[in-house]
There are 2 protein chains.
Amino acid sequence: MNKTYSIKEVAEKFALPISTIRYYDKKGLLPFVSKNKAGYRVFSDSDLQFIQTICCLKDTGMSIKKIQKYIELCMQGSTTIDDRKTLLLQHRQNVIQKQKAIEKSLKEIDQKINRYASPISRDLIAAQITYVQNEKASLNLKDPFS
Amino acid sequence: MNKTYSIKEVAEKFALPISTIRYYDKKGLLPFVSKNKAGYRVFSDSDLQFIQTICCLKDTGMSIKKIQKYIELCMQGSTTIDDRKTLLLQHRQNVIQKQKAIEKSLKEIDQKINRYASPISRDLIAAQITYVQNEKASLNLKDPFS
DNA sequence: TGTTGCTATGAACTATAGTTTAGGGTTTAA
DNA sequence: TTAAACCCTAAACTATAGTTCATAGCAACA
């Protein structure tokens, strides 16, 4: 049978603070959520599907404003399919670009970690400090290690 | 020969606004940068190396405060190697976790794109709308498509 | 020597994404 | 029927990461 969920249950399911769900609603991300006569939000299973999508977009760095735009298109029915596809394809490109940037940065970070983890890390770092000090001295610049 | 760089040159090299570099300096991210007698910042090649690392950490989501902490450890010399390693290993875990989350979300986004790109996308979406409407009706909740 | 362009600071301002508070209704279970 | 546990809104507040502005001092070149 179809169940409904309170805001607290939804918050637990998605590991979000209740305040964040209310904030999303205020920002127009949850126009599909009904309210009962007392004014309480009543979430259905299909609502949870939408929220899952919202979390997906959020976790990949889409702004609230863009997500709102996407949800708005969803609520307008089948006529907006092309717009939605365009929006998601654009976002997909952004995500892939970000993935690449993270990948690249992570490699640099790993190199630093390896230096620090080396048995001769103290020597490596000491040599680097000396190098910087010589460079700075040759340019008549202040020694940053002092 | 060792060259020096103005803030403008550094901004161009790293594709950062000049205001951001000043902001980073104010936040304690650039304690290694010297100033000439006029008060102008003078960047050396080793400074650029540091800034490269800062960009790395920033691009993988480290906060300004954490980066400041890392740089501070760097300036304290070889005695802080263990602390730096710990800090970067911790960050590494965060980055990898984020990578996984992005990977997972991207798959969901791709599924949506595929639905929208399907030759029968209109039917798929129409069926979904009908499903939601039935679910909402069976729960005596307002139809969100109207 | 003056004009153009670069640099500086501090303070105010902006954007984004929430969180907290105040004040007040609702639901549930003893 | 009343206390505890929910839920609501509006508005104020916070945190983060910058950006912009006002004012003013250097630098390079015609």
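**Two chains and a DNA strand**

Mentor: Between chain B and chain A, 22 residue pairs are in polar contact, both residues at pLDDT 80 or more. This is a predicted model: local features need pLDDT of at least 70, side-chain atom pairs count only at pLDDT 80 or more, and totals for chains, interfaces and linings use all residues. Residues are numbered from 1 along each chain as its sequence is written, chains are lettered from A and ligands numbered from 1 in the order in which they are written, and side-chain values use heavy atoms, with hydrogens and water left out.

Trainee: Why is the pair A:Arg92 and B:Asp110 called a salt bridge?

Mentor: The term needs a side-chain nitrogen of Lys or Arg within 4 Å of a carboxyl oxygen of Asp or Glu. Here the closest N and O atoms are 2.4 Å apart, so the pair qualifies. The rule finds four salt bridges across this interface.

Trainee: What makes A:Tyr40 a polar contact of DNA strand D?

Mentor: A polar contact is a pair of N or O atoms within 3.5 Å; within protein, one must be able to donate a hydrogen and the other to accept it, and residues adjacent in sequence count only if both atoms are side-chain atoms. A polar side-chain atom of A:Tyr40 lies 3.4 Å from a base oxygen of DNA strand D. Therefore the pair fits the definition. For A:Arg22, the partner is a phosphate oxygen of DNA strand D, at 2.9 Å.

Trainee: How many residues does each chain bring to the contact between chain B and chain A?

Mentor: Each brings 59 residues, where contact means heavy atoms within 4.5 Å.
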